Each structure stands twice: as C-alpha cells, then as structure tokens.
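Subject: A structure for you to look at

Hello,

Here is the structure I promised to pass on. Have a look at it first, and then read on for what turned up.

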Amino acid sequence: MAEKDPFQQVFDEIRADPQNAEFTRRGIDPLYSVGPEATIAVIGQAPGRVAQDTGIVWNDKSGDRLRDWMGVSREEFYESGKLAIVPMDFYFPGRGKSGDLPPRKGFAEKWHPRLWELTPKIELTVLVGNYANRHYLGLRSKDTLTNVVRNFRDYLPTYVPLVHPSPRNQMWMARNPWFEEDVLPELRRRVRALM
C-alpha cells in the first residue's frame, strides 16, 4: 500500500481535530497553502469571510495590497509553489464589534510546527499583522507593532514584520511614510531573490 502524502496527512488531521469539528461538519476545510518547494512563509491572522467562502487564502482587497507590498503577481502568489501561506488560524473566526475576531488561542502552536517540518526550504518569513508578529517574535505587551515594523532590520534575515494590509490601515500608512520608503523596497528585494 502506498504511503500517504505527508501534506495530505496533516490536512486530514486538521479536519478531524475535534477543535475544528463545527467547521468540518459544515463542509469548511482548513485554509492554508504549503508545498515542499516553498522558500517564503507568509503568516497572517486568519482567513476572512471572502477567503473562506471562496476557499482561496488572501482573496480580498487586503490580499491585493499584500501582493503589491511583496512585489508578486497573483499568479506567483498562488501558483509558483514558492510561498507557504499559513494563517495563525485556518478558519474564519467570525465577526466582532470592530472587525474579525482574533485567531483561536493555541491553534498555531498546535499546527504550524507540523507544517514547518514539511517545508525545510523556507528562508524568509513575512509576519503580517499583530497576532503573527507577537507569536513569532515573542513580543512583550509594551512592544508596539509600529516600532517593531520600523525596526524591521533587527529581525532580518529570518523575518520581515508588517502591519496588516487592510484598507482600514490607510491612516497608519499616511502617518508612517517610512514604511513605503524603507520597509517595502527591502521586502520586495528579498522576496524576489527567493522567487
């Protein structure tokens, strides 16, 4: 009997996890994208409603902006095999008063290490938004995301910390012109080198 594909094995285990039973019962699969040739990991918050409904990660205006920030086309983002796109939670967490609810606690701790074992070629991890940055950089509560992103060089060459590319962050972008002047060119250069 042929051995099961390890990527499919992890996917099946995530679907079968009792923590995800309500999603699986409703026919909703975990939403992430990984492959053995990935050299860049993109870690975001959790799929939004549109992404979950279409079954395509970052399939919204935030995704368009993220691809622009990274300097990759939609085709490269989804079809190159060079990107492991792994949110902090693989399911849409629902809506709260001021936007989407946060990813579930403990989800990334449980499943991310399993996926990283299968993607040994990753050289750069792009951390998108507060939850990914806090988890992977071990930030203290007093560390602001703005300061972390401003000091992005402190985390190179392994990580590039970013704010969330949501259209709601337009004011932040206007107040912090250094982001487009300093961070994005370096992000694009590093991404292109690994593509």
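A good place to begin is helix α10, and what covers its buried residues: the list includes β1 (40-43), α4 (61-70), β5 (124-128), α8 (145-150), β6 (159-162) and α9 (170-175). Please keep in mind that this is a predicted model.

The buried residues of α10 themselves are Trp178, Phe179, Val183, Leu184, Glu186, Leu187, Val191 and Leu194. A general point helps when reading such a list: an α-helix has 3.6 residues a turn, so residues three or four places apart point the same way.

How far apart should the ends of α10 be? The helix has 17 residues (178-194), and at 1.5 Å a residue these should span 24 Å. Its end C-alpha atoms are indeed 24 Å apart, so the expectation and the model agree. Even so, α10 has a kink of about 30° at Leu184, shortly before the proline Pro185.

For context, an unreviewed UniProt entry carries the annotation "domain: Uracil-DNA glycosylase-like" for residues 31-188. Over residues 31-188 the chain is 41% helix and 13% strand, with 25 Å between the end C-alpha atoms.

Now to the aromatic rings, which are worth a tour of their own. The structure holds 11 aromatic pairs. One of them joins Trp69 and Phe179 edge-to-face, with 4.9 Å from centre to centre and 70° between the planes. This pair links distant parts of the chain, since Trp69 belongs to helix α4 and Phe179 to helix α10, 110 residues apart. Are these two rings buried or exposed? Trp69 counts as buried because its relative accessibility is 2%, under the 20% cut-off. Phe179 has a relative accessible area of 0%, so Phe179 is buried as well.

Another edge-to-face pair is formed by Tyr91 and Phe107, at 6.3 Å centre to centre and 85° between the planes. Here too the pair links distant parts of the chain: Tyr91 is in the loop between β2 (83-85) and β3 (95-96), while Phe107 is in helix α6 (residues 107-117), 16 residues apart. Both Tyr91 and Phe107 are buried. They also belong to a cluster linked by ring pairs, together with Phe11, Phe23, Tyr32 and Phe90.

One last detail to look up on screen: Arg67 lies over the face of Phe77, 5.0 Å from the ring centre.

Enjoy exploring, and write back with any questions.

Best wishes

Notes:
Residues are numbered from 1 along each chain as its sequence is written. This is a predicted model: local features need pLDDT of at least 70, side-chain atom pairs count only at pLDDT 80 or more; totals for chains, interfaces and linings use all residues. Side-chain values use heavy atoms; hydrogens and water are left out. UniProt positions are given in the numbering used here, feature names are shortened, and annotations may be inferred rather than shown by experiment. Helices (H or I, at least four residues) and strands (E, at least two) are DSSP runs, numbered from the N terminus. The expected span of a helix is 1.5 Å times one less than its number of residues. The bend at a residue is the angle between axes fitted to the seven residues ending there and the seven starting there. Buried means under 20% relative accessible area, exposed over 50%, partly exposed in between (1.4 Å probe, protein chains only). Contact means heavy atoms within 4.5 Å. Rings of Phe, Tyr and Trp (its six-membered ring) pair if their centres lie within 6.5 Å; planes under 30 degrees apart count as stacked, over 60 as edge-to-face and the rest as tilted. A charge sits over a ring if NZ of Lys or CZ of Arg is within 6 Å of the ring centre and within 35 degrees of the ring normal.
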